[in-house]
Amino acid sequence: MFIQTEATPNPATLKFIPGRVVLNGSPMEFSSRESAARSPLAEKLFEVPGVTSVFYGSDFITVTKAGGGEWQQLKPAILGAIMEHYMSGAPLLAGGTVTDDVDADDEDEFFDEADAETVDMIKDLIETRVRPAVANDGGDITFRGFKDGIVYLNMKGACSGCPSSTATLQHGIQNLLKHFVPDVVEVRPM
């Protein structure tokens, strides 16, 4: 088994590509050891000193490190954990399913019912134009809410804590949404 790695715009995050499907369904993020308890692979990755977050995309895994760790020391242990997981045949998730996270995300959304049509347009643009591009960089962005012309987005994986995420939000996503949805005045992270 050969696992490729790619740099992401976030220097604290590295993208690992195992050459196979990682996750069917919506992406998942584990931002603590406790949240990783439902994934044998995420648990193993959190055992590597310096790992602070694990994110699963459809065909990749991104791992975020603490500021002090160096990739040249962490990368071999991370590659070993990923390889060992896939060779063992263990499931990616033990117990919970991807839909648990998706349902929780949907429950957290907020917007006025009068804005439902606008929100549908925003969500469609995020799904068709933003998320595929962000996945290429090892992350994900999901809709959280819309209020007073402000779109609130949740940034995950390589996007979370990325130094260029503010520029991406303001110059990329905000401009796109403002162009297609006149009611949008600003985009903010949550």
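**A four-stranded sheet, its helices and the salt bridges**

In this predicted model, four strands form an open sheet in the order 6-7-8-9, with mixed pairing. Strands, like helices, are DSSP runs numbered from the N terminus, with at least two residues (E) for a strand and at least four (H or I) for a helix; two strands pair if DSSP finds at least two bridges between them. The edges of the sheet are strand 6 and strand 9 (186–189), each of which pairs on one side only. Strands of a sheet pair through backbone hydrogen bonds, either parallel or antiparallel. Strand 6 and strand 7 (residues 139–147) run parallel and are joined by two bridges. Phe111 stands opposite Phe146 in strand 7.

Helix 4 packs on this sheet and touches strand 6, strand 7 and strand 8 (150–157), where contact means heavy atoms within 4.5 Å. The direction of helix 4 makes about 165° with that of strand 7. Such angles run from 0 to 180 degrees between N-to-C directions, and the axes are lines fitted to C-alpha atoms, for helices over the stretch in contact. Helix 5 (residues 165–180) also packs on the sheet, touching strand 7, strand 8 and strand 9, and its direction makes about 145° with that of strand 9.

Residues are numbered from 1 along each chain as its sequence is written. Because the model is predicted, local features need pLDDT of at least 70 and side-chain atom pairs count only at pLDDT 80 or more, while totals for chains, interfaces and linings use all residues; side-chain values use heavy atoms, with hydrogens and water left out.

Next come the charged side chains. A salt bridge is a side-chain nitrogen of Lys or Arg within 4 Å of a carboxyl oxygen of Asp or Glu, and by this rule the count is six. One of them links Glu109 and Lys123 at 2.8 Å, N to O. Glu109 lies in the loop between helix 3 (98–107) and strand 6 (110–111), and Lys123 in helix 4 (residues 116–136), so the pair ties together parts that are 14 residues apart in sequence. Lys123 has a relative accessible area of 26% and is therefore partly exposed; buried means under 20%, exposed over 50%, and partly exposed in between (1.4 Å probe, protein chains only).

Glu6 and Lys15 form another salt bridge, at 3.8 Å from N to O. Glu6 is partly exposed at 35% relative accessibility, whereas Lys15 is buried at 6%.

A further salt bridge joins Glu186 and Arg188 at 2.9 Å, N to O. Glu186 is partly exposed at 28%, and Arg188 is partly exposed at 34%. Elsewhere, Glu127, Arg131 and Asp140 are joined into one network by salt bridges that share partners.
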